[in-house]
Amino acid sequence: MPLDTKVIEKVGITLHAKDLPNLHTFSVIDPFAVLYLFDKKRQQLIGAGHTEVIDDTRNPTWTKIFTLNYLFEEVQEVIVQVYHNTKRGDLMDVEKHELIGEYRFPLANLMVAREQKLHAPLANAHKPGAALGEINVRAEVATNSRDIFVADFSAKKLANKEGFFSKSDPFMDISRMNEDGQWTSVFRSNHLENTLDPHWGVQRIPMYALCNADIDRPLKIDIYDHERSGKHVLMGSVSTSVRAMLSSNGTPMPILEADKKDKKGYTNSGTLTAGNVSIEYHPAFLEFVKGGLEISLSVAIDLTGSNGDPRDPASLHYLDPSKQTWNVYQQVINSVTNILQQYDSDKKYSVFGFGARPVSVIIVGVGPADFTDMRALDSDQQRLNFAGQVAVRDIVQFVPFKPGMSVGQLTEQVLMEIPDQVLQYMESHHILPIRR
């Protein structure tokens with residue numbers, strides 16, 4: 001089973017403020033904070049939620065954890081606003097409360113910061129230069145987002161649902177409990193024909209899908225008799241969790257049928273065994289960033305003559321003497337650099353006129369040329385093969401800059417494969433992130 005390295009990574013953010021000002025003479029403020037993400041595509045704020053209110057304090061430490069999706073290929077601007085609770089309405093209806101100040105930062109800045117912490121003075125456009133206190137922001141990478149649950153599943157002495165002349169065709173269906181108490185199916189095994197002692201073998205299930213990385217989340221394993229009609233017959237169920245299976249040491253778990261378990265003399269309808277249970281550790285991209293991973297940018301520009309003289313306004317290489325406009329190459333380089341510079345400590349970039357050497361190669365097609373060969377290099381469907389030598393992994397991303405495509409859309413497509421390529425390299429060389 002191939003590893004799912006493209007799982008969206010999540011970041012937990014906590015907030016603390018100190019030396020907030022009192023807004024009224026005879027009372028201490030009751031502060032709370034609201035966190036937003038700025039959506040550049042729609043040019044609007046998206047509320048991620050608010051903290052609890054802590055009464056009568058100028059130095060609040062809020063317990064709320066904001067969970068954000070980390071997207072390497074986008075500039076994710078985070079905005080934290082601190083308010084005094086006026087008790088006049090819902091906390092997200094911020095116009096009814098008194099703004100103390102705000103702090104804006106790119107999420108990438110927080111992720112590459114030492115200990116993944118940022119602190120800065122609060123600012124308020126209506127109170128320029130005022131001492132409004134300080135906000136402290138801390139991030140924590142959500143672990144286990146790529147880890148894999150591994151177990152060897154088998155069952156014994158299942159209750160036959162096929163009568164006297166044949167045996168059941170059993171399969172497993174694993175469901176996890178949702179926050180609302182409902183069940184969601186997350187994994188289904190193959191069915192094995194004509195057996196009451198099935199051995200489904202080693203199964204590998206992503207932890208984020210199995211239990212959202214919560215090893216105590218209730219799981220239900222239903223055993224069904226497979227029917228071609230699709231009306232499968234339930235043979236019994238097992239209630240468990242990842243933690244319970246890890247600690248079971250291969251002890252058989254009773255399979256129970258709900259309509260029989262309260263009957264006198266009923267023991268079980270067979271047993272299910274999860275043997276050799278383990279969790280494979282597969283670090284996330286952000287864990288490497290936290291450990292000091294840097295991404296160095298090298299730029300190679302194909303100065304092909306077919307694009308015209310740089311002095312000609314019709315040329316794709318046109319250099320505006322007034323510097324009021326940028327050509328397409330300049331726009332692309334600036335857009336990509338705006339994201340990658342967050343991961344490069346010295347902010348120095350190599351620029352080549354006709355060749356390059358990056359570990360991960362990004363090719364942007366500019367203009368109406370035939371890019372068939374470039375598409376062949378971008379081996380998303382199958383690895384590159386030259387004279388019988390197959391590339392170990394995909395290191396090329398090709399994106400044509402199509403008419404009507406915004407620079408932001410181009411940047412997202414250009415950069416989205418980099419975390420995956422980094423993780424593939426680290427996995428193939430058995431490199432783990434440095435713990436700091």
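Start by selecting H16 and N136: H16 stands opposite N136, which belongs to strand β8. Keep in mind as you click around that this is a predicted model.

Now widen the selection to the two strands at this spot. Strand β1 covers residues 9-18 and strand β8 covers residues 134-141. They pair in the antiparallel sense, with 8 bridges between them. If you show hydrogen bonds, remember that strands of a sheet pair through backbone hydrogen bonds, either parallel or antiparallel.

Next, bring in the rest of this sheet. Which order do its strands follow? Reading across, you get β4-β1-β8-β7, an open sheet of 4 strands with antiparallel pairing. Colour β4 (66-70) and β7 (117-121) and you've marked the edges: each has a single partner strand, so one side of each is left without a neighbour in the sheet. Look at the twist, too: neighbouring strands here are turned by 30° against each other on average, ignoring direction.

Time to move on to strand β2, residues 31-39. Is β2 mostly covered or mostly open? Mostly covered, with 7 of its 9 residues buried.

Stay on β2 and add strand β5 (residues 77-84), which runs antiparallel to β2 and is joined to it by 8 bridges. Pick F32 and you'll find its bridge partner in β5, Y83.

Then add strand β3 (residues 44-50), also antiparallel to β2, with 6 bridges joining the two. Here, select F38: its bridge partner in β3 is L45.

Last stop: the hairpin of β2 and β3, where 4 residues lie between the strands. Click Q43 in this hairpin, which takes a positive phi near 55°.

Note on methods. Residues are numbered from 1 along each chain as its sequence is written. This is a predicted model: local features need pLDDT of at least 70, side-chain atom pairs count only at pLDDT 80 or more; totals for chains, interfaces and linings use all residues. Side-chain values use heavy atoms; hydrogens and water are left out. Buried means under 20% relative accessible area, exposed over 50%, partly exposed in between (1.4 Å probe, protein chains only). Two strands pair if DSSP finds at least two bridges between them. Axes are lines fitted to C-alpha atoms, for helices over the stretch in contact, and angles run from 0 to 180 degrees between N-to-C directions.
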